[in-house]
Structures are given as structure tokens and as C-alpha cells.
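Here are some notes for a colleague who is about to go through this model. They are set out as numbered points, to be read alongside the coordinates.

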Amino acid sequence: MKRLIQIFAFVVALIVVASPIAMAKDSIRTSGQPCLHGLPIWMALDEGWDTPVDFTFTLFPSGAPQVEAMAAGEWDCGAMGTVPTLMASLRYGAKLIAVSNEEGETNDLWVRPDSPLLKTKGANPEYPDIYGTKEDWEGKKILATTVSTGHFALSATLKALGLSDEDVDIVHIEQGQAITAFSSGEGDIVQLWAPFSYIAESKGWKKVSSGKRAGIKIPGGVVVRKEFAEEHPDLVVAWLDTYMAGLDKMRTEKAAAEKELDKYFTDYCGLKLPADALQNEFNLRPIYTVDEQIDILESPDKLPAWMKAISQFFVDQDRIDKSEQEEYLEANCYIDSSFMREVAKLRAARK
């Protein structure tokens with residue numbers, strides 16, 4: 001009898017060890033913001049995808065606290081805007097492993113319907129979709145969130161018209177406050193980004209420029225904490241494979257992805273956007289395949305050039321010095337395509 005009990009206990013132990021429930025997966029701490037680039041991993045969690053690793057998801061209101069939390073070792077992989085991506089790499093060595101989306105058209109500048117800027121379009125033929133002349137813009141009071149991707153778009157617009165930041169009156173203001181202030185009559189021009197841009201459109205304001213219209217690229221960054229990348233490259237690949245699956249769905253199943261984005265914004269982020277705004281999130285922000293990602297990461301005239309331009313903006317704003325920029329560029333802007341190449345190999349093997 002004792003022998004029988006021992007055998008039974010041994011069999012039970014084998015079953016427990018072999019059970020998928022008992023076999024704990026590795027876990028990766030993921031982060032995002034109430035933006036489109038937070039959707040891929042949140043969608044995987046919400047829909048219960050069968051993933052090779054488990055994920056936790058932490059929402060941050062903006063890039064600055066997200067970078068601070070990364071520096072404190074509180075998350076491993078995540079998506080953020082261009083500016084926090086640059087600072088995370090420059091200050092803490094975070095690796096830039098993918099582009100979540102390109103945000104040039106959704107970092108934009110708006111005026112009221114009676115603005116004199118609307119009388120002229122394409123004053124500089126090289127930038128045919130920018131409204132207003134040099135004289136129209138000169139001296140105008142512009143409400144803007146300074147030292148941001150939106151400010152980068154503003155500076156590029158001024159440069160396209162032969163102006164600089166010093167030729168206008170830039171007033172720093174956060175995005176939500178900017179909507180309120182401009183609604184009450186403050187300022188001549190307001191700088192916004194999605195989803196606040198959609199609020200501007202719903203109010204009848206008119207877009208007069210954007211990063212795209214001013215000829216710049218604003219890539220959203222997919223990043224991994226330096227220490228985690230070095231210690232767990234296989235987990236980074238597994239996570240990135242899932243993130244890219246999310247981007248694939250956003251590209252190829254837009255209707256379903258729009259419903260998930262609405263749920264993400266409404267139920268998780270506390271935002272409510274109209275249907276046309278949700279559609280614009282996909283229509284105005286290019287999203288790339290794995291092969292396109294590799295090309296963007298590795299082509300000197302693409303992501304390295306885009307990030308170099310942004311780093312130069314920071315130098316011009318006296319937020320980083322020239323020596324820091326040189327170090328950043330020598331490190332190829334901390335771009336690392338090796339993880340995306342491994343994802344490509346995984347997908348080829350699954351075919």
C-alpha cells in the first residue's frame with residue numbers, strides 16, 4: 001500500500017510539472033501612454049492572445065515620467081514619443097528597436113477660421129501645404145508645448161517660411177490647457193498633437209501646418225531598457241514579435257483595431273474620441289511591417305537621419321550640448337536592428 005501511494009504521488013508530481021498551468025512563463029513589464037503606440041500590447045492582453053511570455057502593462061500620462069520609471073528599473077520594454085525616446089537613449093542607453101508609427105502629420109498647428117494665415121497657401125513652393133506668408137506668421141503669439149515634438153514641428157514650419165523661434169512669441173502651455181486658452185481667444189496659433197488635434201478639428205479650427213507639411217519625420221519609438229536587453233535578448237525578441245503582431249492587426253484589420261483603440265482610450269485611458277477621430281489615428285499615422293522596419297532602422301537616410309534632426313533641434317534649444325549630440329550620433333542614436341531581424345527569422349520559420 002505504501003508503495004502504491006508513493007507511485008501515485010510520483011505520477012501526480014509529473015502531471016503538475018508537465019501542466020501548462022503550472023509551468024510559469026517569463027514575464028516582461030511593458031509600458032505605454034494614452035496614445036496609439038500603446039495599443040499593440042494592451043490589445044494582446046485585452047484579447048487574451050496566446051503569447052510566449054506574459055506581459056504586465058503600466059500606463060504613463062506622458063514621456064517624462066515614463067523615462068524616469070525606466071531609469072529606476074520599473075519597466076523593461078515600451079513605446080513612447082520621439083522626444084522621450086531620444087532622452088531615454090541619451091541619458092540611460094535605452095535601445096531603439098522599432099518605430100511604432102510616424103507622427104509627422106499629427107503634430108500640427110491650428111488657427112481660427114477667420115485667421116489671415118488662411119488667405120495664402122504654399123508661399124514657399126517647396127512646402128505647398130503650409131498656410132500663411134512669412135509676414136503673416138511674424139510676431140504671432142503661438143501657444144505651444146515647448147521642447148516637444150510639436151515644438152519641433154513648429155520650428156520646422158517657421159524655418160520653411162524663413163523665420164525662427166525668435167521671430168514669433170511662443171508661450172509654453174500644456175496640451176489640455178492650450179485647447180481651453182485658444183477657445184477663450186488666447187493666442188493667434190496653437191500647436192497640438194493627437195488626440196487634441198481632433199478636438200481642434202471638431203471646433204472648426206483650421207490646420208495650417210504640421211511636421212509632415214514642414215518636411216520632417218517624427219517617429220514614435222519602441223524601446224527596451226539597456227540592462228534588460230543585455231540580460232534577456234530572447235525575451236525582448238518574444239515581446240517585439242507580439243508588438244509587431246499588434247501593428248500587423250492595426251494595418252490589416254482596421255475596423256477591429258479601431259474598436260480596440262476605442263476601448264483602450266475609453267475604458268483604460270479615460271478618453272473618448274468620435275469615430276472619425278479613431279479612423280484618423282490609423283489614416284494619418286503610417287505603420288510599418290517587419291521588413292519595412294528593418295529598412296527604416298538600418299538605412300542611414302531614414303531613422304538615423306530622423307533622430308539626428310531631432311537631436312539637432314535639442315541642441316538648438318540648448319537642452320543638450322554639442323558633445324552630447326556627438327556621443328548620441330556616434331552610438332547611431334542607440335538604434336539596434338538585431339531584435340527585429342530575429343523577429344523576421346522567427347516569422348520565416350513559422351511559415
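The points below take up a sheet, a helix, the nonpolar cores and some backbone details in turn.

1. The model is a predicted one, and the remarks that follow should be read as remarks on that prediction.

2. The sheet to begin with is an open one of five strands, ordered β2-β1-β3-β10-β4, and its pairing is mixed. β2 and β4 (95–102) occupy the edges with a single partner strand each, so one side of each of them has no neighbour in the sheet. From one strand to the next the twist averages 20 degrees.

3. Within this sheet, β1 (residues 27–32) and β2 run parallel and are joined by six bridges; Gly32, for instance, has Leu59 of β2 as its bridge partner. Helix α2 packs on the sheet, where it touches both β1 and β2, and its direction makes about 125 degrees with that of β2.

4. Helix α11 (residues 254–268) has the length one would expect, because its 15 residues, at 1.5 Å a residue, should span 21 Å, and its end C-alpha atoms lie 20 Å apart, in agreement with that figure.

5. Which residues of α11 are buried? They are Ala257, Glu258, Glu260, Leu261, Tyr264 and Phe265, a set in which two glutamates accompany the other residues. These buried residues cover an arc of only 165 degrees around the axis, which places them on the same side of α11. An α-helix has 3.6 residues a turn, so residues three or four places apart point the same way. On the other side of α11, Ala255, Lys259 and Asp267 are exposed.

6. The cover over the buried residues of α11 includes α2 (39–46) and β2 (54–59), together with α10 (233–252) and α12 (275–283). Both α2 and β2 were met above, where α2 touches β2 as it packs on the sheet. Just after α11, Gly270 adopts a positive phi of about 75 degrees.

7. The largest nonpolar core has 97 residues, and those with the most contacts inside it are Trp137, Trp239, Leu240, Met250 and Leu303. Helix α10 supplies the largest share of this core, namely ten residues. A second core, separate from the other, has eleven residues, among them Leu143, Ile173, Ala178 and Ala200.

8. Trp239 deserves its own entry. With its neighbours within four places in sequence left aside, Trp239 is in contact with Ile28, Thr30, Ile41, Phe55, Cys77, Gly78, Ile97 and Val222.

9. Some backbone details merit a check against the model. Most residues other than glycine have a negative phi, and most peptide bonds are trans. A cis peptide bond, with omega about 10 degrees, joins Ala194 and Pro195, and Pro195 lies in the loop between β8 (189–193) and α8 (196–202).

10. Are the non-glycine residues Asp318 and Cys333, each with a positive phi, buried or exposed? Asp318, whose phi is near 60 degrees, lies in the loop between α14 (303–316) and α15 (322–330), and with a relative accessible area of 69% Asp318 is exposed, because the cut-off for that term is over 50%. Cys333, whose phi is likewise near 60 degrees, is found in the loop between α15 and α16 (338–350), but at 2% relative accessibility Cys333 counts as buried, because that term applies under 20%.

Methods
Residues numbered from 1 in each chain as written. Predicted model: local features only at pLDDT ≥ 70, side-chain atom pairs only at ≥ 80, totals over all residues. Heavy atoms only, no water. Helix = DSSP H or I, 4+ residues; strand = E, 2+ residues; numbered from the N terminus. Expected span 1.5 Å × (residues − 1). Buried < 20%, exposed > 50% of the residue type's maximum accessible area, 1.4 Å probe, protein only. Arc of directions from axis to C-beta. Contact = heavy atoms within 4.5 Å. Core = buried A, V, L, I, M, F, W, Y, C linked by side-chain atoms within 4.5 Å. Pairing = 2+ DSSP bridges. Axes fitted to C-alpha atoms, helices over the stretch in contact; angles between N-to-C directions.
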